[in-house]
Amino acid sequence: CNSLLSASRDDVVSAKYAVRDVLGGVIDWCRTAVLDVVTDVEKKIEKIIPDWTAAASIAFEESFIKEDWPAVLNYCENAAAFAKVCFEERFNWLEVDVVNESLQVLQKTLLDEQKFLKKVVQQWGKARQITNSIGLKTADLISFAREQKEEQLDARFFDISESLNILECMPQDVDVIDPERFACSFAGHLSDRLTRAPTTSILDDMLRRDLAASKNRLWHGLQGCPEQCPICSSLCDQIKGHLDMKIQHSCRVHLMPAFHGSRNPLTKHPIFSLCTSSESQKMPWRSKENPDQNRSSLAKYLKDYHANWNVPVSGSATEVLKLRRAWVKCRKPILEMKDMVDCTPKQWITQFGGSDELDKNTRPSFSTNDDQ
């Protein structure tokens, strides 16, 4: 009697540890599956934004180029924060698409495999008990499952996820004294573990955590240099650390200073001259930090106070027209927020005005102080 009790206890313990090993293998499979999904998302992101090498490019593309006027207002309020929002929207769109497609398949894979495992283990226990088999090891269970899979209604699972091979996670050299008791104990422990910690939930948590980490990692590489033009406040569009490579700050496109609230201190009129225009290059400039200093040309001003910036004469007629159009559409709330007096040329309003101009009470979606 004591011998039988000991044997039963051994089978219960063996079944418990077998379940532990099987689920450990399942978790390892989940990690690999999640890595594949995250890699897929990253590849799709790289296809969508191959030229987005800095926050400035992202923000300008999604606002001025697309002529999304509320987005232009967000860009002007906080270009870096707006760029991050644009990136996250694209990433989240891809994330939802991939998760909806992949997660359902992966979760079904787990559920089907676990269902098959519980069923085949119990079948094995009854079959071996009937034949009074003794001296068995769990390797016999694995062999039995392989023989049965063609006959099981759930066998189609193996065709779609051969890589999981949940039975291969079970140790093969565990002694089994009472096959039916081992099978019952195994099924009970498996059900208990899955109730307390469903593998589908673990998979979901892994996927969402790794996607969040991937999003942060990708953004870190895309956000670029955080410095802003000392004249118009446009974001530098160089990569992070470019000064270490002896590359100056620069912007592909400079905005009219008016977009960021630059104005004549006496009249409060917004400043429309692009800092890359020949007009601005000839204007006298003086540092806010040293107002008593004599005014100088823009080139000398930059050399004396912002030597790391390169602001050459540039700007095409197309870019100028695009900026003027954006100004007319967005000027009312900017004038209101920045306490400026409107002096927009009537020709601009005639050419670009219309019913889609933003109302003066329109405000950005986030503030200048929002985290970047």
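This passage describes the fold, one helix pair, the salt bridges and selected residues of a predicted model.

The protein chain contains twelve helices and two strands. Along the sequence these elements follow the order α-α-α-α-β-α-α-β-α-α-α-α-α-α. Of the 372 residues in the protein chain, 45% are buried. When contacts between residues at least 6 apart in sequence are considered, 73% of them join residues at least 24 apart.

Two packed helices are described by the angle between their axes and the distance between the axes. For helix 4 and helix 7, the latter covering residues 179–196, the packing angle is about 165° and the axes lie 7 Å apart. Angles over 145 degrees count as roughly antiparallel, and helix 4 and helix 7 are therefore roughly antiparallel to each other. The crossing of helix 4 past helix 7 is left-handed. On the side of helix 4, the residues that take part are Q114, L117, K118, V121, Q122, W124, G125, K126, R128 and Q129. Their partners in helix 7 are P179, E180, F182, A183, F186, A187, L190, S191 and L194.

One of the helix 7 residues in this pairing, P179, was examined further. P179 has a relative accessible area of 2%; the limit for a buried residue is under 20%, so P179 is buried. Leaving aside neighbours within four places in sequence, P179 is in contact with W124, G125, R128, Q129, S133 and L136. Among these, W124, G125, R128 and Q129 also appear on the helix 4 side of the pairing with helix 7. S133 is separated from P179 by 46 residues in sequence, and the C-alpha atoms of P179 and S133 are 8.1 Å apart in space.

Helix 4, which spans residues 79–130, also holds E95. E95 is buried but has no salt bridge. The nearest side chain of opposite charge belongs to R208 and is 4.5 Å away from E95. A salt bridge requires a side-chain nitrogen of Lys or Arg within 4 Å of a carboxyl oxygen of Asp or Glu. Not counting residues up to four places away in sequence, E95 touches R208 and L211.

Side chains of opposite charge can pair when their charged atoms come close. The structure holds 22 salt bridges. In one of them, E42 pairs with R217, and the closest N and O atoms are 2.4 Å apart. This pair links distant parts of the chain, with E42 in helix 1 (residues 2–48) and R217 in helix 8 (residues 199–222), 175 residues apart. E42 counts as buried, at 17% relative accessibility.

A further salt bridge joins the side chains of D339 and K268, with an N to O distance of 3.0 Å. The two residues are 71 residues apart and lie in loops: D339 in the loop between helix 11 (317–338) and helix 12 (346–352), K268 in the loop between helix 8 and helix 9 (278–282). D339 is partly exposed, with a relative accessibility of 42%. K268 is also partly exposed, its relative accessible area being 30%.

The side chains of R331 and E357 likewise meet in a salt bridge, at 3.0 Å from N to O. R331 lies in helix 11 and E357 in the segment after helix 12, so that this pair links distant parts of the chain, 26 residues apart. R331 counts as buried at 7% relative accessibility, and E357 counts as buried at 17%. R331 and E357 belong to a network of salt bridges that also includes K332 and D342.

Backbone angles were considered for two loop residues. D339, described above as a salt-bridge partner of K268, has a phi near 55°, a positive value in a residue other than glycine. For E67, phi is likewise near 55°, again a positive value in a residue other than glycine. E67 is located in the loop between helix 2 (55–65) and helix 3 (69–77). At 31% relative accessibility, E67 counts as partly exposed.

How values were computed: Residues are numbered from 1 along each chain as its sequence is written. This is a predicted model: local features need pLDDT of at least 70, side-chain atom pairs count only at pLDDT 80 or more; totals for chains, interfaces and linings use all residues. Side-chain values use heavy atoms; hydrogens and water are left out. Helices (H or I, at least four residues) and strands (E, at least two) are DSSP runs, numbered from the N terminus. Buried means under 20% relative accessible area, exposed over 50%, partly exposed in between (1.4 Å probe, protein chains only). Lys and Arg count as positive and Asp and Glu as negative; His and the chain ends are not counted. Contact means heavy atoms within 4.5 Å. Axes are lines fitted to C-alpha atoms, for helices over the stretch in contact, and angles run from 0 to 180 degrees between N-to-C directions. Angles under 35 degrees count as roughly parallel, over 145 as roughly antiparallel, 65 to 115 as roughly perpendicular and the rest as oblique. A crossing is left-handed if the near helix is turned anticlockwise from the far one by less than a right angle, and right-handed if clockwise.
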